[in-house]
Amino acid sequence: MPKPKIGFIGIGIMGLPMAQNLIKAGYPLIAYDLNKEALADLVQEGAQKGESCAQVASNCDIIITMLPNSPDVQQVILAEGGVIEGVRKGQILIDMSSIAPLVSQFVAKELAKKGVDMLDAPVSGGQEKARSGTLAIMVGGKEEIFNQCTPILDILGKPVLVGSIGAGETTKLVNQAIVAVNIAVVAEALLLGKKAGVDPERIFDAIKGGLAGSQCLTDKAPRMFKGNYDPGFRIRLHVKDLTNVLETSQALHNAMPLTAQVMEMMQTLMAKGHTDLDHGGLALFYEKMNGISLKKK
């Protein structure tokens, strides 16, 4: 049985390796992005070049979007020349962007008018896990549609159905709050150890297998020791996610003081021009405040 043809819209820092993994797995793929260089790179690896969002939708079975924010998703899917103008009944759209849950629900309702089912399936893991195909994928939607798309999602990572449309995005908000606070306390505590005269790398080796151990500690502490903040997930994108977190929490009257504090730290780094650093660059906030660096000389 031939594999379904995938339309992939959004060939960015995450979308490119995700699309590459689908091509490697033997899926025929048509791609589109405003970044012509990224699109050309993917075409060289076997993708068909799409000419517009609508044209991609009309030439595939399943559409995947991987875009920066809620307005981008609405523009690509619902605006003039968008996906909705090229879809047909029976198609499936998987939005893997990290956006506001209410936007996912609105877009899904508009697609349903055309007979198109949608999954909201944001991811976590950054560029490294996008490359290795080991992303955490949080999925909202109908169970039968999720089951139909599982073979595709399995190429990209580990998909888990968490509820109906919008539940995936809500889960991603929870994820991003936990990640932000976790990275911040990794930097905060390791700097305490260094200022007290203990090698932070030895502290890391001692605690990573215990209760303080986490994926954030394992992934980000070594970057902090090297001063390597090349983006796996940019600070400005995490700020975007935390904006959605805090807007949602305020609408629900749900207090999130730790998340709000880390948001202020990230905004401070943004104001200093660090918008495109990896979010592990939160360490720079603490280093500046304490007058000491985790970077090993």
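Is Cys53 buried or exposed? In this predicted model, Cys53 is buried, with a relative accessible area of 9%. Cys60 is buried as well, and its relative accessible area is 1%. Neither cysteine is in a disulfide. The sulfur of Cys60 is the nearest cysteine sulfur to that of Cys53, at 11 Å. A disulfide is a covalent bond between the sulfur atoms of two cysteines. The cut-off for calling one is a sulfur pair within 2.5 Å, so a separation of 11 Å does not qualify. The structure as a whole holds zero disulfides.

Strand β5 was examined next. The strand spans residues 92-95, and both of its faces are covered. Ile92 and Ile94 lie on one side. Leu93 and Asp95 lie on the other. All four residues are buried. The cut-off for burial is a relative accessible area under 20%, and therefore each of these four residues falls under that value.

β5 pairs with two strands, β4 and β6. Strand β4 covers residues 62-65 and runs parallel to β5, with four bridges between them. Within this pairing, Ile63 is bridged to Leu93 of β5. Strand β6 covers residues 117-120. The β5 and β6 strands are also parallel and are joined by four bridges. Here Asp95 has Asp120 of β6 as its bridge partner.

Helical connections link these strands. From β5 the chain passes through α5 to β6, in a right-handed β-α-β crossover. Helix α4, residues 70-78, belongs to a right-handed β-α-β unit with β4 and β5. β5 thus takes part in both arrangements, one with α4 and one with α5.

Helix α5 also appears in the second largest pocket. This pocket holds about 380 Å³ of space. Two or more lining residues come from each of α5 (101-112), α8 (167-195) and α11 (235-251). The largest contribution is that of α11, which gives six residues. The lining numbers 17 residues in total. Nearest the centre of the pocket lie Pro101, Leu173, Thr248, Ser249 and Leu252. By class, the lining comprises 10 nonpolar residues, six polar residues and one charged residue.

Notes: Residues numbered from 1 in each chain as written. Predicted model: local features only at pLDDT ≥ 70, side-chain atom pairs only at ≥ 80, totals over all residues. Heavy atoms only, no water. 1 Å grid on protein atoms, 1.4 Å probe; cavity = no way out; pocket = protein on both sides within 12 Å on 5 of 7 lines; lining within 4 Å. Points joined across faces, edges and corners; volume = space filled by probe spheres on them. Nonpolar A, V, L, I, M, F, W, Y, C, P; charged D, E, K, R; others polar. Buried < 20%, exposed > 50% of the residue type's maximum accessible area, 1.4 Å probe, protein only. Pairing = 2+ DSSP bridges. Right-handed = clockwise from strand over helix to strand, strands pointing away.
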